[in-house]
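Biologist: I am new to this structure and would like a close look at a single part of the model. Please take me through the sheet and whatever lies around it.

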Amino acid sequence: MARKEIDVAQGQLADALAAVEQGEEVVLVRDGEPVARLMPMEEHALPAPLGPRKAGSARGQFTVPDDFDEPLEDFRDYM
């Protein structure tokens, strides 16, 4: 695992990405503290897409109270 200071890595991004493509993990650090980790994608696959959304699919699962848009008691002094 390679460690690179962020200000140095900015000028060497192509080198860091080349290392990641070869399977190496690169940790970006600021003032000696790790802040980010670059790693190959095949190790951490993206989640499967959820598919198209369907309008109205949550119908009946919640209700909006009748007083939803009434002023809140805490703000009555300001109105």
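Modeller: In the hairpin of β2 and β3, two residues lie between the strands, and Asp31 takes a positive phi near 55°. This is a predicted model, and the values that follow are computed from it. On either side of that turn, β2 and β3 run antiparallel and are joined by five bridges. One place to look is Leu28, whose bridge partner in β3 is Ala36.

The hairpin belongs to an open sheet of three strands, in the order β1-β2-β3 and with mixed pairing. Its edge strands are β1, residues 2–5, and β3, residues 33–38, each of which pairs on one side only. On average, neighbouring strands of this sheet are turned by 30° against each other, direction ignored. In general, the strands of a sheet pair through backbone hydrogen bonds, and the pairing is either parallel or antiparallel. Here β2, residues 26–30, pairs with β1 in the parallel sense, over four bridges. To follow this pairing on the model, start at Ala2, which stands opposite Val26 in β2. Then go to Glu5, whose bridge partner in β2 is Val29.

Next comes the helix that packs on the sheet. Helix α2, residues 13–21, touches β1, β2 and β3. The direction of α2 makes about 145° with that of β2. As for covering, four of the five residues of β2 are buried, so the strand is mostly covered, where buried means under 20% relative accessible area.

The largest nonpolar core ties these elements together. It has six residues in all: Ala9, Ala16, Ala19, Val20, Val26 and Leu28. Both α2 and β2 give two or more residues to this core, and the largest share, three residues, comes from α2. Two of the names have already come up: Val26 of the core is the residue opposite Ala2, and Leu28 of the core is the bridge partner of Ala36. Another core residue, Ala19, touches Glu24 and Val26, leaving aside residues up to four places away in sequence.

One further feature can be looked up by residue number. The structure holds one aromatic pair, formed by Phe75 and Tyr78. This pair is tilted, with 6.3 Å centre to centre and 50° between the planes. Phe75 is partly exposed, at a relative accessible area of 46%. Tyr78 has 68% relative accessibility and therefore counts as exposed, the cut-off being over 50%.

Note on methods:
Residues are numbered from 1 along each chain as its sequence is written. This is a predicted model: local features need pLDDT of at least 70, side-chain atom pairs count only at pLDDT 80 or more; totals for chains, interfaces and linings use all residues. Side-chain values use heavy atoms; hydrogens and water are left out. Two strands pair if DSSP finds at least two bridges between them. Axes are lines fitted to C-alpha atoms, for helices over the stretch in contact, and angles run from 0 to 180 degrees between N-to-C directions. Contact means heavy atoms within 4.5 Å. A nonpolar core is a set of buried Ala, Val, Leu, Ile, Met, Phe, Trp, Tyr and Cys residues joined through side-chain atoms within 4.5 Å. Buried means under 20% relative accessible area, exposed over 50%, partly exposed in between (1.4 Å probe, protein chains only). Rings of Phe, Tyr and Trp (its six-membered ring) pair if their centres lie within 6.5 Å; planes under 30 degrees apart count as stacked, over 60 as edge-to-face and the rest as tilted.
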